[in-house]
Amino acid sequence: MNGLHYGVVLTGCIGSGKSTVSKILQDLGHSVICADSIAHSILQSCAQEVAQLFGDEVCENGVVNRKALGAIIFHNKQAKKQLESLLHPKITDEILTQARELEIQRKLYFLDIPLFFESGGKQKYPVRFCLVVYAPKEICLERILARDTLDMTNAKARIDSQIDIEVKKAQADFVITNTQSLAQLQSQTHKILEMITEQYKESV
């Protein structure tokens, strides 16, 4: 498979602020491929197969109830693997299809992939650089407790279902630390973007 020369993966963990950085990048005019949006679309297109795997209670009028499905997979590793086996190949194919279309433009773009490391990293998505949005685990936990109205058990289960953020940080090519204000996050994003852009200029 040909590499994605102009693509940079944007990742992090739940609650780290990756979606906010994605929005900042889009506001600056960069194309962002959103794996979550693709995954939601593909999940709904596979509603019948999902119901067969996990029961009719996870679907309402042919639409997958993501909250009900999440309650199952975040506490059952086997169920999680079953869902991933169904969805991940389709999601990967669509992300790579969109990325190859953007490669033609020969401009920097971003692939917003929350589970980049969990799903195979650069072996599956052959980009040059990976940008991790980082916040310590305890801060991420506080954020999702406030944002998602989850109890502590479910919030921890969601964080623990992903590779530890410290491991992701260590494997990143670039890191944005999101522990302070939105203005500081924007400033950091601008600086990292300049650094990445310089790397691409040097390679042309």
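The questions and answers below concern helix packing, the nonpolar core and selected residues of a predicted model.

Because the model is predicted, local features need pLDDT of at least 70 and side-chain atom pairs count only at pLDDT 80 or more, while totals for chains, interfaces and linings use all residues. Residues are numbered from 1 along each chain as its sequence is written, and side-chain values use heavy atoms, with hydrogens and water left out.

Q: How are H7 and H8 oriented to each other?
A: Helices (H or I, at least four residues) and strands (E, at least two) are DSSP runs numbered from the N terminus. Axes are lines fitted to C-alpha atoms, for helices over the stretch in contact, and angles run from 0 to 180 degrees between N-to-C directions. Helix H7 (residues 137–148) and helix H8 (residues 152–160) pack at about 130°, with axes 10 Å apart. Angles under 35 degrees count as roughly parallel, over 145 as roughly antiparallel, 65 to 115 as roughly perpendicular and the rest as oblique, and H7 and H8 are therefore oblique.

Q: How many residues of the contact of H7 with H8 are charged?
A: Contact means heavy atoms within 4.5 Å; on the H7 side, Lys137, Cys140, Leu141, Ile144 and Leu145 meet Met152, Ala155, Lys156, Ile159 and Asp160 of H8. Ala, Val, Leu, Ile, Met, Phe, Trp, Tyr, Cys and Pro count as nonpolar, Asp, Glu, Lys and Arg as charged, and the others, Gly among them, as polar. The contact of H7 with H8 thus holds seven nonpolar residues, no polar ones, and charged residues numbering three.

Q: Which helix gives the most residues to the largest nonpolar core?
A: A nonpolar core is a set of buried Ala, Val, Leu, Ile, Met, Phe, Trp, Tyr and Cys residues joined through side-chain atoms within 4.5 Å. The largest one has 67 residues, of which Val50, Leu69, Ile95 and Leu111 touch the most other members. With nine residues (helix span 77–103), the greatest contribution comes from H5.

Q: Is Leu69 buried or exposed?
A: Leu69 is in helix H4, and beyond four places in sequence it touches Leu43, Val50, Phe54, Val58, Val64 and Leu83. Buried means under 20% relative accessible area, exposed over 50%, partly exposed in between (1.4 Å probe, protein chains only). At 4% relative accessibility, Leu69 is buried.

Q: At what angle do the axes of H4 and H5 cross?
A: Leu69, Ile72 and Ile73 in H4 meet Ala79, Lys80 and Leu83 in H5. The axes of H4 (residues 66–73) and H5 come within 7 Å and cross at roughly 125°.

Q: How far apart in space are Lys137 and Asp164, C-alpha to C-alpha?
A: Lys137 lies in helix H7 and is partly exposed, at 37% relative accessible area. Leaving aside neighbours within four places in sequence, Lys137 contacts Ile159, Asp160, Asp164 and Ile165. Lys137 and Asp164 are 27 residues apart in sequence, and their C-alpha separation in space is 8.0 Å.

Q: Where is Asn61 placed?
A: Asn61 has a positive phi of about 55° although it is not a glycine. At 84% relative accessibility, Asn61 counts as exposed. The place of Asn61 is the loop between strand S3 (59–60) and strand S4 (63–64).
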